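Me: I should like to understand the terms used for a protein model, and how each one is justified. Please explain them formally, with their limits.

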Amino acid sequence: REAVVSTQSTGEMQGEIENYPAPYENTTFWSKVESVTEPDATAKDIAIGFWSSGYYCGEEKHDDVCATGRVFDGDNSLNELLNNAPASYFGHVLKFKESVTVAYMCSRNNNFSNRSQKGIMWVVTPEQAAAAKKRRR
């Protein structure tokens, strides 16, 4: 149950019909994963990394540089349109601690009206996957 989620500015939505990410306090996804590549990262650190496309490393490391060679301009703030976020972000290899269904979205190249970048992810145990496969036959 490991996955690499490497889209830019990835966030959980409250449901699949939504077009905006939920505030961190209203999410469940981040508490159900752990980072294989950064075992000391908290759920909030992982969320901050994904939401900022790697511009910020996490809650305690917000002034650090995640992308090698990244130069901050001015006050180190992330542009509201993500224009100063890295073009690509390795992110974390995530390990799921339990089964989860989550609606997610990527804000990069998302017009929020006629062009949405979103999906639904189902993470199941091998036993649940085998049972579902038997039902499809």
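Reply: The chain has 2 helices and 6 strands. From the N terminus, their order is β-β-β-α-β-β-β-α. This is a predicted model, in which local features need pLDDT of at least 70 and side-chain atom pairs count only at pLDDT 80 or more, while totals for chains, interfaces and linings use all residues. Residues are numbered from 1 along each chain as its sequence is written, and side-chain values use heavy atoms, with hydrogens and water left out.

Me: What makes a stretch of the chain a helix or a strand?

Reply: Both are DSSP runs, numbered from the N terminus: a helix is H or I with at least four residues, and a strand is E with at least two. Examples are α1 (43-51) and β6 (118-123).

Me: Why is Ser52 called buried or exposed?

Reply: Buried means under 20% relative accessible area, exposed over 50%, and partly exposed in between (1.4 Å probe, protein chains only). Ser52 has a relative accessible area of 3%, so Ser52 is buried. Ser52 lies in the loop between α1 and β4. Leaving aside residues up to four places away in sequence, Ser52 touches Leu78 and Ala85, where contact means heavy atoms within 4.5 Å. In the chain, buried residues make up 34% of the 137 residues.

Me: Which residues of α1 are buried, and what do the buried residues of α1 pack against?

Reply: Asp45, Ile46, Ala47, Gly49 and Phe50 are buried in α1. The buried residues of this helix pack against β2 (10-12), β3 (33-35) and β4. Just after α1, Ser53 takes a positive phi of about 60°.

Me: What makes a set of residues a nonpolar core?

Reply: The members must be buried Ala, Val, Leu, Ile, Met, Phe, Trp, Tyr or Cys residues, joined through side-chain atoms within 4.5 Å. The largest such core has 13 residues, of which Phe29, Trp30, Phe50, Leu94, Phe96 and Met121 touch the most other members. At least two residues of this core come from each of α1, β4 (93-96), β5 (100-106) and β6. The most come from α1, with 3 residues.

Me: How do you know that β5 and β6 pair?

Reply: Two strands pair if DSSP finds at least two bridges between them. Here 6 bridges join β5 to β6, so the requirement is met, and the strands run antiparallel. One of the bridge partners in β6 is Met121, which is matched with Val102.

Me: Which residues lie on the covered face of β6, and which on the uncovered one?

Reply: Gly119, Met121 and Val123 form the covered face, whereas Lys118, Ile120 and Trp122 form the uncovered one. In a regular strand, side chains alternate between the two faces of the sheet.

Me: Why does Ile120 count as buried, partly exposed or exposed?

Reply: Ile120 has 33% relative accessibility, so Ile120 counts as partly exposed. Ile120 is in strand β6.

Me: What makes the contact of Lys32 and Glu98 a salt bridge?

Reply: A salt bridge is a side-chain nitrogen of Lys or Arg within 4 Å of a carboxyl oxygen of Asp or Glu. The side chains of Lys32 and Glu98 meet at 3.7 Å, N to O, so the pair qualifies. Lys32 lies in the loop between β2 and β3 and Glu98 in the loop between β4 and β5, so the pair ties together parts that are 66 residues apart in sequence. A search of the whole structure finds 1 salt bridge.
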